[in-house]
Each structure stands twice: as C-alpha cells, then as structure tokens.
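This report goes through one protein chain, from a single side chain and its surroundings to the chain as a whole. The structure is shown first.

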Amino acid sequence: AGSGGDKTETTRYGVSGTWRNWFVEASLASGGETSGTLVPDGAFLSNLGLANGSGSALRGGYLHTFVIDGNWNGNIGGCLAYETMDYDLRATVYTRQGSVVAPVAEGEEGTAESGATYTFENYEDEVEMSELSMTFIGGIDYTSEFWGVGVYFTLDLYTDTSFSGAVAVRDESFDLSAERTHPIGVAASAWYSPFADYLVAASASTGAETAIRVAFGKFF
C-alpha cells in the first residue's frame with residue numbers, strides 16, 4: 001500500500017494555440033521525480049521513488065464563452081489530456097543472493113543442508129507511466145483590449161493512470177499502480193499585450209495539479 005498524496009514533479013516546455021474557443025497544447029517534460037518515498041519504509045523495502053523522468057503530453061478541448069456584463073465573461077467546457085513518462089525506479093530491497101551449504105560435522109551421518117541468503121541491495125529499473133484524463137472546466141474572466149484576468153475551477157471527470165514495471169522484493173515481484181488523490185483544482189491566470197499582436201501570460205493552479213506557468217504569445 002502506497003503513501004497517499006505523494007507528488008510527482010516535472011518541468012514542461014511546450015506550445016499551445018486557440019482558435020474559435022478550441023484549444024490544443026503539446027509539451028515535452030523533463031526532470032521528473034517523486035517528492036518522497038512511494039510506500040512507507042519497511043523491513044524488506046525502503047526508499048522507493050522515481051527519478052530522471054522524461055516524456056511528452058498532449059491536451060486539447062473546447063471552452064464556450066458567454067458575456068455576463070460588459071467585459072466580464074463566463075466560461076464552461078472541458079479538455080482531454082494524455083501524458084506518457086519514462087522514469088528510473090529506485091529502491092532498497094531485501095534481495096536473494098543465492099544458497100549457502102551447511103556442512104555435516106565430521107564423523108556424523110546425514111546430508112548437507114542448503115538455504116538462501118538475503119541481503120539489502122540497491123534496486124533500479126525503468127518504468128513507464130501513462131495517464132489519460134478528462135476534465136471539466138468552468139470560470140469567469142475579465143477581458144479588455146490590452147489585458148485580461150481569469151479564475152477557473154476544474155474537476156477531474158475521468159482519469160486512468162497505468163504503470164508498466166514492477167519492483168522485486170525477496171522472491172516476489174510487485175506491480176505498480178497509481179491514482180489521483182485530488183480531483184478538484186483552482187487556477188488563476190493573467191495576460192498582457194505590451195505590443196501590437198504580442199502578449200505575455202502567466203497562471204498558477206493548486207489542487208488536482210499545483211503548477212506555475214509562464215508564456216509568450218502572438219495574435220494572428
């Protein structure tokens with residue numbers, strides 16, 4: 001049983017575009033790692049974590065906008081996202097090292113006895129984690145000619161997270177599995193257009209995903 005609420009941390013670089021309320025985003029991820037041990041340390045397994053993560057992500061969706069009053073707008077929609085990451089899985093495990101023979105004492109009858117010896121070893125393997133998710137988005141924003149701000153609420157409607165890989169402890173192999181622990185998120189965003197047709201933007205979110213994002217864009 002894992003330690004609920006452990007986080008994976010990554011840095012993403014990508015591009016995004018919006019056209020008539022449709023949006024799409026593609027990104028590459030690097031530096032992925034877990035912030036702590038994935039299961040409580042025990043007698044046979046400790047320091048289980050993921051490191052050196054890299055991968056890619058693709059998300060897209062639709063956000064319907066309607067006027068509330070003046071420059072105030074309401075937004076409602078959703079997005080579909082897929083992400084795949086490769087990690088180095090590392091742990092300290094109680095590992096079988098082979099057999100040991102206990103000799104029969106001289107002058108005694110009988111057969112030699114054999115058994116396995118175990119020792120603590122550093123374990124490392126490559127694993128892949130993929131996630132498919134569908135998210136509801138709702139919020140409000142204020143948009144003028146040169147700047148805008150918004151606050152958005154997100155709700156994970158469906159998430160499927162899978163691992164390919166396992167950790168070997170003693171004489172057994174244990175598969176890995178994971179699920180999100182926080183389905184609800186809140187995000188705030190702002191953009192400013194200091195020059196004609198260009199803009200800078202930033203956003204921060206917490207809950208289902210804690211993130212800080214900065215961007216540079218162009219109007220077409």
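In this predicted model, Thr135 touches Gly77, Gly78, Cys79, Thr154, Leu155, Asp156 and Leu157, leaving aside residues up to four places away in sequence. Thr135 belongs to strand S5, which covers residues 113-143. Its relative accessibility is 12%; the cut-off for buried is under 20%, so Thr135 counts as buried. One of the residues it touches, Asp156, also makes a polar contact of 3.3 Å with Thr135, side chain to side chain.

**Salt bridges**

Asp156 has a relative accessible area of 16% and is therefore buried. The side chain of Asp156 meets that of Arg180 in a salt bridge, with 3.8 Å from N to O. This pair links distant parts of the chain, since Asp156 is in strand S6 and Arg180 in the loop between S8 and S9, 24 residues apart.

Arg180 also forms a salt bridge with Glu131, where the closest N and O atoms are 2.9 Å apart. Glu131 lies in strand S5 and Arg180 in the loop between strand S8 (172-175) and S9, so this pair ties together parts that are 49 residues apart in sequence. Arg180 counts as partly exposed at 31% relative accessibility, whereas Glu131 is buried, with a relative accessible area of 14%.

The count for the model comes to seven salt bridges. Another of them joins the side chains of Arg12 and Glu83, at 2.6 Å from N to O. Arg12 is in strand S1 (residues 8-19) and Glu83 in strand S4, so the pair ties together parts that are 71 residues apart in sequence. Arg12 is partly exposed, at a relative accessible area of 38%, while Glu83 counts as buried at 17% relative accessibility. Arg12 and Glu83 are also members of a network of salt bridges that includes Glu209.

The N to O distances of the salt bridges described here are listed below.

| Basic residue | Acidic residue | N to O distance |
|---|---|---|
| Arg12 | Glu83 | 2.6 Å |
| Arg180 | Glu131 | 2.9 Å |
| Arg180 | Asp156 | 3.8 Å |

**Strand pairs and hairpins**

Which residue in S8 is the bridge partner of Val169? The partner is Glu172. Strand S7 (residues 166-169) pairs with S8 in the antiparallel sense, over four bridges. The hairpin of S7 and S8 has two residues between the strands, and Arg170 in this hairpin takes a positive phi near 55 degrees.

A second antiparallel pair consists of strand S10 (residues 198-207) and strand S11 (residues 211-218), joined by eight bridges. Ala202 stands opposite Val214 in S11. The hairpin that joins S10 to S11 runs through three residues.

**Nonpolar surface patch**

On the surface, a nonpolar patch is formed by Phe66, Ile68, Trp72, Ile76, Ile140, Val151, Phe153, Ile184 and Val186, and their accessible area together is about 810 Å². Four elements each give two or more residues to this patch: strand S3 (45-69), strand S4 (72-102), strand S6 (147-164) and strand S9 (184-195). Val151 is one of the patch residues and is found in strand S6. Val151 has a relative accessible area of 47% and is partly exposed, because exposed would require over 50%. Strand S6 thus holds both Val151 of the patch and the buried Asp156, which pairs with Arg180.

**The chain as a whole**

The protein chain has zero helices and eleven strands. Read from the N terminus, the order of elements is β-β-β-β-β-β-β-β-β-β-β.

Of the 220 residues in the protein chain, 26% are buried. The accessible surface of the chain comes to about 14,300 Å², and carbon and sulfur atoms account for 57% of that surface.

How much of the contact set comes from residues 24 or more positions apart? Among contacts with a separation of 6 or more, such pairs make up 60%. The Arg12 and Glu83 salt bridge described above links residues 71 positions apart, and the one between Arg180 and Glu131 links residues 49 positions apart.

Terms used: Residues numbered from 1 in each chain as written. Predicted model: local features only at pLDDT ≥ 70, side-chain atom pairs only at ≥ 80, totals over all residues. Heavy atoms only, no water. Buried < 20%, exposed > 50% of the residue type's maximum accessible area, 1.4 Å probe, protein only. Polar contact = N/O pair within 3.5 Å; in protein donor to acceptor, adjacent residues only side chain to side chain. Contact = heavy atoms within 4.5 Å. Pairing = 2+ DSSP bridges. Patch = residues over 30% accessible without salt bridge, like charges linked within 9 Å, V, L, I, M, F, W, Y side chains within 5 Å. Areas by Shrake-Rupley, 256 points an atom, 1.4 Å probe, with all protein chains shown as cover. Salt bridge = Lys/Arg side-chain N within 4 Å of Asp/Glu carboxyl O.
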